[in-house]
Amino acid sequence: MFFHVVMTTECNLQCRYCFGETLDDFDEDFSGFEVDYALPRKANYDWKQLADFCSRDPDCVLTFYGGEPLLCTDEISQIMDMVKPKHFMIQTNGLLLNRLKPEYVNRFHTILVSIDGEEALTDHYRGRGTFKKVIDNLKLITKNGFRGELIARMTVMEQTDINKQVTWLLDNNDFKFSSVHWQLNAGFWGNDYARRDFKRWSKENYIPGLEKLARFWVDQMEEKGVVHRLYPFLGIANSLLSGEASSLLRCGGGWINYAIQTDGYVIPCPTMWGMKDYYLGHIRDTDPLNLRKVFVGAPCTDCDILGSCGGRCLYANITQRWSKEAYAQVCKTVRGLVTTIEEHLPRIQQLIQNGTIDKRDFNFMKYNGCEIVP
Ligand code: SF4
Ligand code: SF4
């Protein structure tokens with residue numbers, strides 16, 4: 001099982017799509033859900049409880065998460081000294097990576113670092129100077145011996161040209177990433193759709209950009225024998241190549257990937273913090289291997305591509321913060337992604353057959369924090 005360990009609800013950045021939206025979202029009606037808004041700001045349970053909880057699952061993977069988890073470097077070190085999961089991972093904005101000692105950083109199996117593409121775009125979304133500081137820290141941890149997987153985790157919305165930014169992350173003069181994942185800022189807030197340009201942008205820019213990027217991805221396989229680890233493509237292609245009939249929620253949320261709140265309660269996904277109906281137990285007395293499973297409901301259960309999509313996002317499905325019409329635009333992007341990869345499949349299979357690439361190039365650790373369907 002995979003668990004996001006929410007170290008703190010605080011963050012040291014004020015990104016447009018997160019902090020900015022929280023301000024606008026504050027007076028929105030979150031009707032029908034009882035929410036505990038008074039969670040501790042920092043994880044406040046006994047680490048021994050976490051150690052015992054984790055020890056009951058031989059395949060337990062813990063991912064430090066926040067807010068910004070590296071605001072709690074001391075607590076992270078303490079947990080890494082005491083708890084013995086199969087792997088540790090972290091999702092971070094990267095600004096404080098220099099504060100955690102290399103002996104801990106180098107133990108991470110995977111680091112997912114938030115970066116949206118080139119400097120101007122990243123700083124536009126995340127604040128001036130963010131890009132440079134993050135890149136400096138990535139160079140530092142690499143110099144200090146980090147050899148795990150480093151995934152650039154982009155948040156994508158209307159200012160993003162997906163093809164341009166992903167190809168830039170793969171090849172540039174600042175820091176070349178070998179793994180990239182992206183998530184659409186779509187369906188998470190209550191009242192942003194009406195003032196945004198999501199419909200036009202997704203149709204005229206994002207979906208055509210995906211098609212262009214997929215062509216580039218397969219061209220690179222052919223020309224260089226390299227399968228770039230672009231997670232949304234990798235995940236869909238992996239399913240198609242292995243003949244997987246149908247996928248559950250690809251992020252694993254609610255069935256194999258859960259989150260532990262700052263008060264020790266287990267929830268299906270970090271975004272569902274405080275939603276009392278979805279408290280699945282407390283780590284002090286819950287068996288990690290026997291957690292209740294929570295699956296997506298309508299409209300996903302009536303969707304003809306549920307098997308390939310998996311449902312995209314449990315939080316969005318449950319809370320339905322975007323109207324049916326608005327969310328239909330998101331579903332069109334999912335359809336666009338799946339169709340594009342399906343169209344390229346014969347070419348990919350041919351490249352595997354003639355030995356240019358290997359089917360194993362499409363393997364990855366599932367539920368590592370990449371949701372696959374953006
Ligand atoms: S495409 Fe949309 S409706 Fe269909 S399964 Fe995915 S998220 Fe659900
Ligand atoms: S896709 Fe949705 S349910 Fe899955 S981890 Fe992200 S926010 Fe949670």
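**Entry 1: helix α9 and what follows it**

I began at the end of helix α9, where the next residue I looked up was Gly-243, which follows the helix and has a positive phi, near 70 degrees. I note here that I am working with a predicted model, and that every value below is computed from it.

Going back into the helix, I found that α9 covers residues 231-242 and that its 12 residues reach 16 Å from the first C-alpha to the last, close to the 16 Å expected at 1.5 Å a residue. How many of the residues of α9 are buried? I found that 10 of the 12 are, so the helix is largely enclosed by the rest of the structure. Among the buried ones I wrote down Tyr-231, Phe-233, Ile-236, Ala-237 and Leu-241. I then looked for what covers these buried residues, and the list includes β5, β6 (179-184), α8, β7 (229-230), α10 (306-309) and α12 (324-353).

I picked out Ala-237, which lies in α9, and saw that at 0% relative accessibility it counts as buried. Not counting residues up to four places away in sequence, Ala-237 touches Trp-217, Ile-341 and Phe-362. The last of these caught my eye, since Ala-237 and Phe-362 are 125 residues apart along the chain while their C-alpha atoms are separated by 7.3 Å.

**Entry 2: helix α6**

Next I checked helix α6 (residues 130-143), whose 14 residues should span 20 Å at 1.5 Å a residue, and I found its end C-alpha atoms 20 Å apart, which agrees. Which residues of α6 are buried? I listed Thr-130, Phe-131, Val-134, Ile-135, Asn-137, Leu-138 and Ile-141. Seen down the axis of α6, the buried residues fall within an arc of 160 degrees, so they line one face of the helix. I traced what these buried residues pack against, and found α4 (102-105), β4 (108-114), α5 (119-126), β5 (149-156) and α7 (162-170). Just after α6 I came to Gly-145, which takes a positive phi of about 110 degrees.

**Entry 3: three buried residues in other helices**

I looked up Ser-202 in helix α8 (residues 198-224) and found it buried, with a relative accessible area of 2%. A polar atom of the Ser-202 side chain lies 3.1 Å from the backbone oxygen of Lys-199. Leaving aside neighbours within four places in sequence, I found Ser-202 in contact with Ile-207, Pro-208, Gln-329 and Thr-333.

Thr-73 has its place in helix α3 (residues 73-82), and I noted that Thr-73 is also buried, at a relative accessible area of 15%. Beyond its neighbours within four places in sequence, Thr-73 is in contact with Arg-99 and Leu-100.

The third was Tyr-327, found in helix α12, which counts as buried at 13% relative accessibility. I saw that the C-alpha atoms of Tyr-327 and Ala-186 are separated by 8.0 Å, although the two residues are 141 apart along the chain. Setting aside neighbours within four places, the contacts of Tyr-327 are Gly-187, Arg-312, Ala-316 and Trp-322.

**Entry 4: the backbone**

I reminded myself that most residues other than glycine have a negative phi, and that most peptide bonds are trans. With that in mind I looked up Arg-312, whose phi is positive, near 60 degrees, although it is not a glycine. Arg-312 lies in the loop between α10 and α11 (314-319) and is buried, with a relative accessible area of 4%. Tyr-367 likewise has a positive phi, of about 65 degrees; I placed Tyr-367 in the segment after α12, where it is buried at a relative accessible area of 16%.

Where did I find cis peptide bonds? One runs from Gly-66 to Gly-67, with omega near 25 degrees, and Gly-67 belongs to the loop between β2 (61-65) and α3. Another joins Ala-298 and Pro-299, with omega about 5 degrees, and Pro-299 sits in the loop between β9 (266-267) and α10.

**Entry 5: the two ligands**

Around ligand 1 I found Cys-300, Cys-303, Ile-305, Leu-306, Cys-309, Gly-311, Arg-312 and Cys-331, a shell that divides into six nonpolar residues, one polar and one charged. Around ligand 2 I wrote down Cys-251, Cys-269, Thr-271, Arg-312, Cys-313, Leu-314, Tyr-315 and Glu-371, and this shell divides into five nonpolar residues, one polar and two charged. Arg-312 appears in both lists.

Key: Residues are numbered from 1 along each chain as its sequence is written. Chains are lettered from A and ligands numbered from 1 in the order in which they are written. This is a predicted model: local features need pLDDT of at least 70, side-chain atom pairs count only at pLDDT 80 or more; totals for chains, interfaces and linings use all residues. Side-chain values use heavy atoms; hydrogens and water are left out. A residue is near a molecule or strand if one of its heavy atoms lies within 4 Å of it. Ala, Val, Leu, Ile, Met, Phe, Trp, Tyr, Cys and Pro count as nonpolar, Asp, Glu, Lys and Arg as charged, and the others, Gly among them, as polar. Helices (H or I, at least four residues) and strands (E, at least two) are DSSP runs, numbered from the N terminus. The expected span of a helix is 1.5 Å times one less than its number of residues. Buried means under 20% relative accessible area, exposed over 50%, partly exposed in between (1.4 Å probe, protein chains only). The arc is that of the directions from the helix axis to the C-beta atoms. Contact means heavy atoms within 4.5 Å. A polar contact is a pair of N or O atoms within 3.5 Å; within protein, one must be able to donate a hydrogen and the other to accept it, and residues adjacent in sequence count only if both atoms are side-chain atoms.
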